[in-house]
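Hi,

Here is the structure I promised to pass on. Have a look at it first, and then read my notes underneath.

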Amino acid sequence: TVEANPKAASPSATVDASPARSLGVSNAESTEFGSPSQHNQPKTISLSSPASQATRSSSNQSPSSQTIHAFSGISAYHSTASASSYNPADIPPGHPGNTTPDQDTAACDLEQRLQDVFADHHGKLMAHKFGGQLRLVLRLLRARKFDVDAADILCRDILQYRKDNELDNIVHSVVGDQRLQDPDQPNWRPEIHDETVRKVITYLPCGRHGFTIMGQPIEIWRVSKLNPADILSNCTTDDMFKFWHFHAESGLLSTLQGSSYYGKPPLGGVVIVDLKGFGTRHLNSTMLKTLISMFGVGQSKYPESLSKVFVLNSPALFSGIWNTISAVLNERTKKKITITNQSTHDDLKKLIPENILPRFLGGSCPCNIGDKRSTSGLFFEEYSIPARGQQKFPVEMESGQGLRWEFVVEGNKDVNFGVAVCPLDTYQDGMAFDKCEMVIGLSKSGTSGPEDGSIARCRSGVYVFIFDNKHSMMTAKSVHICIEKSVSGSYTPVVPA
């Protein structure tokens with residue numbers, strides 16, 4: 001049960017009618033997403049309505065958190081920030097708090113035209129996910145150069161598309177009530193419950209990785225990890241679009257999460273496309289057409305969801321592809337794209353701290369986007385088992401907890417694998433195993449692909465996963481490992497130390 005935020009139910013909010021920075025933001029800008037990590041609770045942002053003689057009607061209120069939770073299943077809490085709460089320098093032109101009188105007039109006109117949309121069950125939720133009624137109105141207008149007629153048509157087209165593709169509840173159907181991102185852990189990913197989405201993610205190397213200093217979600221594509229032949233042979237077009245719909249919907253919520261956490265206005269995301277390793281194997285016409293269609297949906301059904309796109313490590317071969325892709329992009333979107341043959345860009349470094357920027361882009365943060373995943377959809381951790389050596393990974397277990405694992409030896413090479421259980425009070429790293437019981441004896445493993453196993457009910461103790469390579473005199477082995485244990489009825493990944 002999620003309690004409604006009483007502030008989010010206030011009967012009205014005011015709008016600043018002054019010539020510049022005029023449209024304030026109503027309480028309708030409540031946000032819907034999982035909370036950040038427990039030791040960093042969401043910031044409290046005070047509601048400070050701009051002075052005004054105009055009053056917005058209560059129809060501009062978003063649904064209560066109970067209603068939203070019932071619609072989408074995402075754990076909700078509300079940000080009650082208004083435009084006056086933000087630093088004016090952070091608010092781009094055409095956004096609430098930085099509009100001209102003509103833009104105010106267009107926004108009021110469009111809002112009146114769309115009263116039937118906002119009275120619709122699906123329309124209310126659409127406005128909520130886009131940041132509130134006013135933010136949606138201005139987003140539509142910016143996408144159509146403040147042409148009210150065109151923005152009206154766009155809104156109704158988006159609403160119909162959402163109904164046709166049943167997008168209201170897709171985030172919950174894929175990840176349940178899990179948070180989507182963790183500001184303190186860029187590599188944190190929710191567990192994927194939907195089999196189709198999990199399958200596509202296995203082959204499509206893109207994902208979100210933290211936030212910029214402005215609270216914008218960072219999305220990264222690692223083209224070197226993409227094999228068009230693999231994804232096309234394992235995933236249908238419908239599969240890929242189901243993933244894309246989930247990705248786009250979760251992006252809306254991540255945008256609101258970043259805004260609330262960092263105290264910045266909700267802006268579009270920042271996308272990084274790393275073309276390092278781009279080659280002829282990527283020149284697959286079927287894959288290209290599918291990606292262009294997906295990007296087209298992003299542009300037309302999620303307008304103004306991008307702040308900036310950085311295409312890095314661009315080779316000469318990409319120029320022909322770019323001509324094809326750019327043909328379906330509008331001019332406003334094209335202006336947000338920067339293409340360079342360098343591995344980074346000065347504007348990118350200004351937006352993303354070095355400790356958030358992935359190592360392969362010149363930062364210090366490890367990034368698992370595009371890395372191998374287990375059959376449960378979780379990422380493997382990669383370890384090197386030295387020649388004539390071994391690695392042991394201890395996992396402390398309580399009585400009755402479950403344990404499961406999966407590993408892949410790179411190149412289908414062999415290691416000896418086993419599991420021992422040791423008394424909790426006597427285990428020390430590196431101890432001899434004379435006090436331990438081998439529950440799975442050491443045996444040759446890894447030559448036939450992924451290997452997995454499980455123990456339904458463990459006894460109290462330390463379960464030690466052993467990867468032994470003492471038989472190899474010269475060759476170290478790279479092993480991708482995923483270990484999970486049951487906590488409160490669900491499995492949680494254990495990062496081997």
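What percentage of the 497 residues in the protein chain is buried? The answer is 54%. Before you read on, please keep in mind that this is a predicted model, so everything below is computed from predicted coordinates.

Some overall bookkeeping to start. The protein chain holds 14 helices and 16 strands. If you take the contacts between residues at least 6 apart in sequence, 80% of them join residues at least 24 apart.

Now the cores. The largest nonpolar core has 66 residues, and Leu 140, Leu 141 and Leu 204 are the ones with the most contacts inside it. Helix 10 (residues 237-262) supplies the largest share of this core, eight residues. There is also a second, separate core of 21 residues, and its members include Ile 385, Val 421, Ile 455 and Val 479.

Leu 204 is a good residue to click on. Setting aside its neighbours within four places in sequence, Leu 204 is in contact with Trp 221, Leu 226, Ile 231, Phe 243 and Met 294.

Next, helix 10 and what goes on around it. Helix 8 (residues 195-203) crosses helix 10 at roughly 95°, and the two axes come within 9 Å. That angle makes helix 8 roughly perpendicular to helix 10. On the helix 8 side, the contact is made by Thr 196, Val 197, Lys 199, Val 200 and Ile 201; on the helix 10 side, by Asp 239, Met 240, Lys 242, Phe 243 and Phe 246. Phe 243 is thus listed here and also among the contacts of Leu 204.

Helix 10 also carries His 247. Is His 247 buried or exposed? His 247 has a relative accessible area of 6%, so it counts as buried, the cut-off being under 20%. Not counting residues up to four places away in sequence, His 247 touches Cys 206, Arg 208 and Glu 219.

There is another helix pair to look at. Helix 2 (residues 101-113) and helix 6 (residues 148-164) pack with their axes 10 Å apart, at an angle of about 40°. This makes helix 2 oblique to helix 6, and the crossing is right-handed. From helix 2, the residues involved are Ala 106, Asp 109, Leu 110 and Arg 113. They meet Val 148, Asp 149, Ala 151, Asp 152 and Arg 156 in helix 6.

On to the strands. Four of them form an open sheet with antiparallel pairing, in the order 9-14-11-12. Which strands stand at the edges? Those are strand 9 (390-397) and strand 12 (437-445). Each has a single partner strand, so one side of each is left without a neighbour in the sheet. Direction ignored, neighbouring strands of this sheet are turned by 15° against each other on average.

Strand 11 (residues 415-422) sits between strand 14 and strand 12 in that order. Seven of its eight residues are buried, so strand 11 is largely enclosed by the rest of the structure. Seven antiparallel bridges join strand 11 to strand 14 (residues 461-468). Two positions will help you find the register: Phe 417 stands opposite Phe 467, and Cys 422 stands opposite Val 462. Towards strand 12, strand 11 pairs over six bridges, again in the antiparallel sense. There, Val 421 has Glu 437 as its bridge partner. Val 421 is also one of the residues of the second core.

Strand 10 (residues 403-409) is mostly covered too, with six of its seven residues buried. How many bridges join strand 10 to strand 13 (residues 451-455)? Five, and the two strands run antiparallel. In this pairing, Arg 404 is partnered by Ser 454. Strand 10 is also joined to strand 15 (residues 477-487), by seven bridges and once more antiparallel. Here the bridge partner of Val 409 is Val 479, and Val 479 belongs to the second core as well.

If you only have a few minutes, I'd open the view on His 247 in helix 10 and then move to strand 11, with its Phe 417 opposite Phe 467.

Cheers

How values were computed:
Residues numbered from 1 in each chain as written. Predicted model: local features only at pLDDT ≥ 70, side-chain atom pairs only at ≥ 80, totals over all residues. Heavy atoms only, no water. Core = buried A, V, L, I, M, F, W, Y, C linked by side-chain atoms within 4.5 Å. Buried < 20%, exposed > 50% of the residue type's maximum accessible area, 1.4 Å probe, protein only. Helix = DSSP H or I, 4+ residues; strand = E, 2+ residues; numbered from the N terminus. Contact = heavy atoms within 4.5 Å. Pairing = 2+ DSSP bridges. Axes fitted to C-alpha atoms, helices over the stretch in contact; angles between N-to-C directions. Parallel < 35°, antiparallel > 145°, perpendicular 65-115°, else oblique. Left-handed = near helix turned anticlockwise from the far one by under 90°.
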